[in-house]
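Q: Got a minute to go through this model with me? I'd like to talk about what holds together with what.
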Amino acid sequence: MRPRFVDCHSHVVPSGDDGAKSHADGIDLCKLAARAGTEILYATPHVWPHLVLTEQRERVIRQAFEELRRDAPLELRLGFELTPAPPLLEEDPARYVLEGTRLVLVEVPFAGPADELWALAEHIETAGLVPLVAHPERTEVVRALPELAEELAERAWPLQVNSTSITGRHGPEAEALAWRFIEQGHAKIVASDGHRLTRPARLDDAYELVSARVGEEAALPLFDGSGLRTRDRRPLPSRAGARDA
Ligand SMILES: [Fe+2]
């Protein structure tokens with residue numbers, strides 16, 4: 001029997017970023033995800049230095065999210081994907097937590113050094129939360145120095161690799177690094193980072209490849225939401241409707 005997947009990274013809610021452009025787009029993406037075996041899907045709109053989460057933008061996103069949650073054929077949860085930037089160090093990271101978890105999704109910048117990533121990850125940790133490091137395998141800094149990602153993982157900051165890196169969509173370098181992090185045990189989660197129908201939110205194809213290489217027993221925890229549970233059992237940050245992942 002095919003497992004049910006938990007996908008903690010996608011852009012299915014229209015939010016002004018480069019993901020879904022409309023409710024209809026979002027529904028199409030959710031339907032495809034459900035058909036591919038995803039049971040719980042996180043919508044994680046980008047928070048970019050040039051597209052921050054103003055109160056106005058947050059209201060619009062939450063409204064769009066509620067409408068999508070109502071109509072989607074799977075369980076939809078909300079989070080955000082942070083691109084490290086100094087203003088985020090002045091904010092309470094609990095605002096951005098993945099619903100029902102202690103994790104805050106933070107991407108490794110595609111270009112440039114990792115200093116701001118370290119600063120933001122430490123800020124999140126100081127707030128009693130855990131940074132979840134998105135797609136390190138796709139970034140210049142980690143391609144130049146893969147040990148950097150391993151250092152992050154050794155801080156108990158889990159690595160999330162993209163399913164599309166495993167399937168080779170982002171080229172041989174990202175593919176090789178994704179496998180390296182999986183085989184070393186540093187990657188804790190595989191997520192789709194799905195943006196649009198040509199780059200959908202699906203995990204089934206990557207799951208087939210990972211289970212063929214490392215076995216189903218080792219593959220499953222990367223796909224079933226196990227990686228979203230953290231050891232810290234303090235109460236979750238207050239958030240309406242938050243549930244355990
Ligand atoms: Fe993303």
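A: Sure. Let's start with Asp193 and Arg199, whose side chains meet in a salt bridge at 3.1 Å, N to O. A salt bridge here is a side-chain nitrogen of Lys or Arg within 4 Å of a carboxyl oxygen of Asp or Glu.

Q: Before we go on, what kind of model is this?
A: A predicted model: local features need pLDDT of at least 70, side-chain atom pairs count only at pLDDT 80 or more, and totals for chains, interfaces and linings use all residues. Residues are numbered from 1 along each chain as its sequence is written, and side-chain values use heavy atoms, with hydrogens and water left out.

Q: OK. Is Asp193 buried or exposed? And Arg199, buried or exposed?
A: Asp193 counts as buried at 3% relative accessibility, and Arg199 counts as buried at 9%. Buried means under 20% relative accessible area, exposed over 50%, and partly exposed in between, with a 1.4 Å probe and protein chains only.

Q: Which residues are joined into one network by salt bridges that share partners?
A: Glu58, Arg62, Glu91 and Arg95. Within that, Arg95 pairs with Glu91, their closest N and O atoms being 3.0 Å apart. Arg95 is partly exposed at 23% relative accessibility, and Glu91 is partly exposed too, at 25%.

Q: How many salt bridges does a search of the whole structure find?
A: It finds 16. Another one of them joins Arg180 to Glu150, with the closest N and O atoms 2.9 Å apart. That pair links distant parts of the chain: Arg180 sits in helix H7 (residues 172-184) and Glu150 in helix H5 (residues 147-154), 30 residues apart. Helices are DSSP runs of H or I, at least four residues, numbered from the N terminus.

Q: And how accessible are those two, Arg180 and Glu150?
A: Arg180 is partly exposed, with a relative accessible area of 28%, while Glu150 counts as buried at 9%.

Q: Switching to the metal: which residues are the protein donors of the iron ion?
A: His9 (NE2), His11 (NE2), Glu81 (OE) and Asp193 (OD), lying 2.0 to 2.2 Å from the iron ion. So Asp193, from that salt bridge with Arg199, is also a donor. Donors are N, O and S atoms within 2.8 Å of the metal (3.2 Å for Na, K and Ca), and water is not among the atoms, so sites may look incomplete.

Q: Why is the arrangement irregular?
A: The four donor atoms subtend angles of 82 to 172° around the iron ion, which makes it irregular. Tetrahedral would need all angles between 85 and 135 degrees; square planar for four donors, or octahedral for six, would need opposite donors over 155 degrees apart and all others between 65 and 115, and anything else is irregular.

Q: Are the histidines, His9 and His11, buried or exposed?
A: His9 is buried at 0% relative accessible area, and His11 counts as buried at 1%.

Q: How many disulfides are there?
A: Zero, a disulfide being a pair of cysteine sulfur atoms within 2.5 Å. The sulfur of Cys8 is 15 Å from the closest cysteine sulfur, in Cys30, so that's too far for a bond. Cys8 is buried at 1% relative accessible area and Cys30 is buried at 0%.

Q: Last topic, then: which residues does Val12 touch?
A: Leaving aside neighbours within four places in sequence, Val12 is in contact with several residues, including Cys30, Leu41 and Leu76. Contact means heavy atoms within 4.5 Å.

Conventions. Helix = DSSP H or I, 4+ residues; strand = E, 2+ residues; numbered from the N terminus.
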